[in-house]
Structures are given as C-alpha cells and as structure tokens.
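Open the model in your viewer and keep the sequence panel beside it. The stops below say what to select and what is there.

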Amino acid sequence: MTQEQQRLTEVKNHQGHWRRWGPYLSERQWGGVREDYSASGNAWDDFSHDQARSRVYRWGEDGILGISDNHQRLCFAIALWNGKDPILKERMFGLTGNQGNHGEDVKEYYFYLDSTPTHAYMKGLYKYPQAEFPYDRLITENQRRDRRQSEFELSDTGIFEDNNYFDVFVEYAKNSPEDILIKITVVNRSLERQTLHVLPTLWFRNTWSWNADSLKPVLELAKAKTEFSIVEASHPSLGKRWFYSEGTAPLLFTENETNYQKLYGTDNPVPYVKDGINNYLINSEKTAINPQQIGTKVAPHYLLNLEGGETQVIKLRLTDSPQIYDPFAQEFEQVFNSRLTEANEFYQAVTPPHLNEDLRNVQRQAWAGLLWSKQYYHYDVETWLKGDSQAPSPPRVRKYGRNADWIHLYTDDILSMPDKWEYPWFAAWDLAFHCLPLAVIDPDFAKRQLDLMTREWYMHPNGQIPAYEWNFSDVNPPVHAWATWQVYQIEKKSTGLGDREFLERVFQKLLLNFTWWVNRKDKEGKNIFEGGFLGLDNIGVFDRSSPLPTGGHIEQADGTSWMAMYCLNLLTISLELAMENPVYEDMATKFFEHFLYIADAMNHIGDERTRLWDSEDGFFYDVLLFPDGRQSQLKVRSLVGLIPLFAVSILEPETINRLPGFKKRLEWFIRNRFDLKRNVACMENPGVGARRMLALCYVTLGRFVPEDKLRQIITKLLDESEFLSQYGFRSVSQVHRDRPYIFQVNGHDYRVDYEPAESSTSLFGGNSNWRGPIWMPMNYLLIESLQTLYHYLGDEFKVEFPSHSGNWMNLKQVVEELTLRLVQIFLKDQSGKRPVHGNNPVWSNDPHWQDLILFYEYFHGENGTGLGASHQTGWTGLIANLIQNFGV
C-alpha cells in the first residue's frame, strides 16, 4: 500500500481528515443562478465579472488555483498584477453567455497539472501575460463574430508572442491534514527584465452579512519578523489557523465586504471593502487598506523583479500550529519532495506498467483535472427563494420561477463539477460519468457523489433527481444506475470486494426515480418515453424541452432507449443483490419484464403503434405525434438512433442457476410470450460461455438477415461517411452535410445540418452542439456496448471496420481500434502536434506548452480539435479509463 493509499484508508476509517482542505474554490462564482437576485432571472447580467471584485458573494467564493476547507469558511488563492492591467488579477476572466459568439467562454490559460485524491500534493499553472490583459478586445471581437466563425481566443490577440508572459506555478503539499505548505514559483519566460506583483490572498467567506446572529471571524497580524510574518485566523466554527508568509513582504488587510459606494453610490457601512487591496495597489488609494492590520481579507505583497528567463519562489504555510520556529527550513522542501514522490508511487501503482510517457502524462492530467474540479457547493433553495434577514428581499416573481418547486434542496457538500469556470455547478448526468475515472483512484469519493444525488436533500420527494442549477426540473438521461454499477465493479475488480451496502442504498432510491420516469415521462402509457432534450441539447429538429410548433409531442427513440438501459442496469444490480438476499429476485423479475415491454414498444411494427424503427433505413428515429393522431418519423441520422445500442446486458449462466425464482420466470417467458421475446436478443440462444443476452437490437448468430437490427446499425456506426471519424463517433451522420434534414411547419423550415464544430444556432445558448462533434461520454457508452456484445457473440461474429472496407474484425478488435482513435485526440503525432490543440503552432513547438493538456467539452468531428468548455475534464476525464483499458 502506497503512502497515498494509506491516507485514503485513514480517511475511510475516520483516522485522519486529509480531505478537509482541497481545491474547493470555484474558478467563477459570478454570473451564476445562486448569486442572481434579479427579477428577470438573467444571471449573466445580474452579477458581472466587473462587479465580482467589489461585491460580496452569498453562496461561495472563487479564486485562481486556490484552496479552502470543506465548508469554505477560510479561502486561499493567488492574485497577480503585471503593472499594466487596469485591475488586479484575482479571478479568471471570460465571456458571459450573452457576450460570446458561442456562449460563455473562459479566456485564460490555466492547467491542472497534478493532484492526489487526498490533495496531499497538488500543482497548477497559470500563464499571465506581461502586456495589458485585453479584456475589452476579447469582448468586442467575439461579439463581432457570428456563430459560424470560430471563437476569438486570448492567444489570437498575439499577447503571448516572443514569450512575453509569466508562468506561475502553484503547489500545495500537506505535512499533515492541517499543515499545508504552499509554494508559488514564478518564471519570466521573456528575454527582458520584468516586474510582477504577487499577492497570495487569505480571506473568510462572508457568512456574517446575511443573518444578524452570525458571528464574524477575524484575521489579524500575530507576529512580524525579518524571516517571516504570521497572520492569525479565528473563525467561530473552524477554530484558529495561522498563515505564515516568507520574508518581509508587507501585509495588506481589508474586509470581505461589498463596496456599496462604487456599485450603488451609497455610503459603505464599513471603511474597508472587498476591493480594498485592488484599490490600494492599482489606484494608489492609501486609505483602502487597514493600518491596524486586522480584517477578513489579507495578502502579503511580493514585488518580484525577474531577469529574462529567471525563476523566483515564494513560500507560505497555512497551519493549525501557532509556533513553528522555522516554517521554511529544510523540512519545507523535504515535504514537497516526499509528497511528489508519493504521488508518483501512487499513480505508478494504479496504472498499467507499460504505458509510454505521453500516455501517462495525458492520463495523469486527466485525473488531476477531475480532482482539481471538486468544488464546495452551497445552495439552500428555500432561503434563496425567501431571502436573508439582513438583505433586501428577492423579487416576488422568484417564488414562481426557476427552481421554485425544489424548496427541499439543501446542498453543503464537495461536489465534482463539469468545469469550475463554464459549469461551476453540479449536473447530475455529467457527475455520473465523472465517477468512473474517479473510482479508479478514489472509489470512496466516487461512491459518495452517486449516493448524494439520491439523498433526500437532493432528490425530489416525487423521485426526480435534480438536473442542474439552471433548472433542477429539467430531464437528463437516467445514467445513475449505470454509473453506480460501474463504480461498484471498478472497486470490486481493484480490491476484490464490492461495497454491497453502497449498491443497495443507491438501488433503493433509484426505485423511486425509476417510478418517477414511468409515471411522468410515458405520456400515453405505451412504454415509449419522452424526456425533453435529454442532455443532447440541439441534436433534434425542434427544441424537445419546449412546446412544439406543430402541437402534439415527440416520442423519442433515445428517451425510450435510455429507459430500456435503465431497466437493464437495475436488473443487473438486483441480480447481484439477490445473491445474498432472495427478496431481490422479485425486483430482478420486475425489471426483466419491464424491459421486454419497452423492447416490444421499440421494435413493434403495426398500424396502431408508433414506429421508432424504420425497416427500410435500418435505423431508429424519433416520431412526431400530431394532435389529430397523425405520425411522422423525424429522419435525422443521429445519436438518437444509436442510443438503442446502450440497452444491452449479459446474463451469466452461474447467476441464473443460483437464482431459481428468477430462472423460473425467465423460462416461463421464453415458453409463453413469443410476442414479447421475438424482438429481444437473445434469450433462447446461448452465446459464448452459455451466456444469455438482453438487447434492444436483434441479432442473428449466422448470416445477415433483414431482421438483424444490430448489423444494420453497426454498419452505419462504423461507416466513415456516416458516424465514424478518425477520432471517434460523430453525434450526427456526415450524410447530413450534403443532405440536411428539413421539416416544414407553416412555411418555416426546421432543419438539422451536419456541423462538425461549434453550433451555428442559438438553441440552448449556442455554446453546445450535438450536430456533428465527438462527445467522449457517448463514445464511451458505445464502446462499452460493443464490448458487452463481444462477450456474448465472441470471435466468430465479425463486422467490417470501417464499413465497406473489406477489413473484417471481431468486436473486441473494433473496440481496440475505437479506443485508439479517441486516445489519439490527446497524443502527440510524429510532428509533435496533438489534435486536441488544433493548428496553433505554440502547442507543438514550444517546450513550455507542448506537454500541457486541455480536456474540452467535445471535439471537432473531422480533425479532433477541442471545442466548447476548455476545462470540462469531468466527462472527458473518461479518457483516463480508456487509456487504462488501452494499457491493459
């Protein structure tokens, strides 16, 4: 057991609180729903980046590569000034959803380089330009561009030319759970002498301005010596901590209080405010900081003069010890060296031994991104709706608007975020995917995340799982059961023990969620489901979350397939639980039968039934039902018709034989319900190892026949002129590039074109596109489905890869080839270029850039360039699992 694994064991056994401190600060707290107290509900406009340095947050804090305790009482992050910017660089800048030509978009370069699960060691990098940061130009140029043009990025301004920037590395090493060593390493990458102001900032989240009975914490100077200074931090619930800063840097104190004078033209109730350090340094307001050296926000002011290429280091320490004689002695570096060595040992033990260095680098940064993207997330919906006693009441319209039906929801947790700048709030289906790569390195945290989403302070009393902050009532794909089973299996494979208590606890709550789906999303009781846009944003002809221009409703091939997958996931879990508790055999039977009814609805051909399967095209489509009863297939060749592949599960013979009640019911259906079993593969014909398979897509073990839905779909899936790209599966078939799908309503064309990059439509904010790019989570699910099919079909079942190439492979070989295509998005080619970074030469030619990885939201369907949120390591972190499997 490595040292990091021992720390994880201590956490699990409540012997050491190694997770109390971590990277729990958001990268952006402004511009979100929780901080929005407007009547319009337009969060982007209510709390801007410009206001953020002067206005106190209610629900959380943000900072650059910072840390906080697990309830975000005390926070630390870096602040910088190059002597030219109009404001102190305290937080990441980006465009709001209304400013960007493709929606919200961070305009900074920062990288999560390393972290262990307990955050005993962490390292991040921020690249800070030496010229004035082009805030206005980034806004105006992106607003000038339309949706068909690319985004205008910081590097496009030329600000990094001639290496005129600072690399600012921030490292953390824990000497103990409460003794955190901090090292800031600044490198002047230019050839000229440059000056940089570095202000490592410690502050308390403002919890005292909202309620009269809240006690105010305090920061005050405890000692100033020639070698170091000490600030004492006293908090009513956290207790006392001490902040050591090396050298004689002056300490600048202010308060974390709103500057009402600046924002609203009224008197400030206190003389020192949130932007006091900014005003003191940038505006030369000498009275902006407290000469008494007391407050709720403090920063030592380091003025660094660096020659071209020079490196300087700042050392700090945040600890529970008030009397460290020499806080930055030799022991300081020894702790950093030890923690880095231990991090290397931990990942060496976790990963396959024969991965090359580039694969290891990508995988480790993927895990680092996931671990750095943990965030303290606090949201008390009832208080948010009613308002605080010491603050103005929210507008009355709020009680009937966004999230008004979720007054039970109360979060005060560390959650895995999709992206701490563009999506700094939990999204339930994103989080499910995050948990798979997290389970490889920290299964307890992954299990905790999945468990939280089903707890009574998250899940609605009606059984719905909250979707995401902007609309908890929206509908995401029901992947929670799948993720629960995957995490259970990953831990069981790693340790030899499956956490049945976790599995059973989540399963019991998912029964409520499954019932919600059945009661709320099967409009006509026909086992055909419609769930809104189901996370696939603009993939369809219409906005599937809004009233249709035709009237009526859409019966969704993907919604129904997700529910079929959900049934099989719950069937699998109930069979596992039934091994020790026969009561679960009845539950297994329930989900087995429910799956058969959904499969029958998906595949049935009849005059009175919805036709999701098109036998001529050999593909599944959504069906539009008009108010007068007419039907029309929406023949968009997209992921919607591939999602039926996800509904596949293997029944092992030893499992069936150990469960006589379930086996009896299974055999009864085989003998008596031909009408239900005929379109389900393959209940009667045993596959490899006498396995049975349940799947929506019928398959024959012999030669191709028209009823062989699996072969028909896979042929399109593996066709490079349709879904198969050099870098994975496209979300819309390439056939729509030359033949867009057009549906006319009242003289207006509704259409879907193949768009391999950013969206050209404003649907869903215009910052997300499912009309052609490659999405990692969907590719992962497709690969997993093909792997499952291989376990049943074996080596003899072969397909052409790519289709029509004459190159025949079994599905295991296909999975290997697909995995390689996805992994290659991030790997260097022979010229040193990584497809993820596009054609920007700095990424392939500059040694200070070429090994840095960004894990984007999605990827260009033709060349693999990263698109969307640049730090959405969340579900793109699945690449770590693909590399793991690739290495094995």
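Begin by selecting I182 and L316: L316, in β18, is the bridge partner of I182. Helices (H or I, at least four residues) and strands (E, at least two) are DSSP runs, numbered from the N terminus. This is a predicted model, in which local features need pLDDT of at least 70 and side-chain atom pairs count only at pLDDT 80 or more, while totals for chains, interfaces and linings use all residues. Residues are numbered from 1 along each chain as its sequence is written, and side-chain values use heavy atoms, with hydrogens and water left out.

**Strands around β18**

Show β9 together with strand β18 (residues 311-319); nine bridges pair them in the antiparallel sense. Two strands pair if DSSP finds at least two bridges between them. Now add strand β13 (residues 239-246), which runs antiparallel to β18 and is joined to β18 by four bridges. Here F243 has L318 of β18 as its bridge partner.

Stay on strand β9 (residues 179-188) and pick I184. Is I184 buried or exposed? I184 counts as buried, with a relative accessibility of 0%; buried means under 20% relative accessible area, exposed over 50%, and partly exposed in between (1.4 Å probe, protein chains only). Leaving aside neighbours within four places in sequence, the contacts of I184 include I78, V168, F169, V198, P200 and I314. Contact means heavy atoms within 4.5 Å.

**Strand β16**

Next select strand β16 (residues 297-300), where K297 and A299 point one way, V298 and P300 point the other way, and all are buried. In a regular strand the side chains alternate between the two faces of the sheet. Strand β10 (residues 194-204) pairs with β16 over two bridges in the antiparallel sense, and V298 of β16 is the bridge partner of L202. Strand β14 (residues 251-254) also runs antiparallel to β16, joined by four bridges. Look for L251 opposite P300.

**The two nonpolar cores**

Which residues have the most contacts inside the largest nonpolar core? They are W562, F595, M778 and F826, in a core of 201 residues. A nonpolar core is a set of buried Ala, Val, Leu, Ile, Met, Phe, Trp, Tyr and Cys residues joined through side-chain atoms within 4.5 Å. Helix α14 (residues 557-578) supplies the largest share of this core, 14 residues. A second, separate core has 61 residues, among them I182, L202, L304 and I314.

Zoom in on W562. Not counting residues up to four places away in sequence, W562 touches W429, P477, P478, V479, L534, I643, F646, M778 and L781. To relate F595 to the earlier stop at I184, draw a C-alpha to C-alpha distance: the two residues are 56 Å apart in space and 411 residues apart in sequence.

**A three-strand sheet**

Select β21, β24 and β25, an open sheet in the order β21-β24-β25 with antiparallel pairing. β21 (553-555) and β25 (631-634) are the edge strands; each has a single partner strand, so one side of each is left without a neighbour in the sheet. From one strand to the next the twist averages 30°. Strand β24 (residues 622-625) is joined to β25 by four bridges, and D622 has L634 of β25 as its bridge partner.

**Two helices crossing**

Go to helix α8 (residues 357-372) and helix α25 (residues 879-887). Their axes, lines fitted to C-alpha atoms over the stretch in contact, come within 8 Å and cross at roughly 145°; angles run from 0 to 180 degrees between N-to-C directions. Residues L359, V362, Q363, A366 and W367 of α8 meet I879, A880, I883, Q884 and F886 of α25.

**Backbone details**

Most residues other than glycine have a negative phi, and most peptide bonds are trans. Select F801 and P802, which are joined by a cis peptide bond with omega of about -10°. P802 sits in the loop between β32 (798-800) and β33 (808-810).

H14 has a positive phi, near 60°, and is not a glycine. H14 belongs to the loop between α1 (3-12) and β1 (21-22) and counts as exposed, at 74% relative accessibility. Finish at Q293, another residue that is not a glycine, with a positive phi of about 55°. Q293 lies in the loop between α6 and β15 (294-295) and is partly exposed, with a relative accessible area of 27%.
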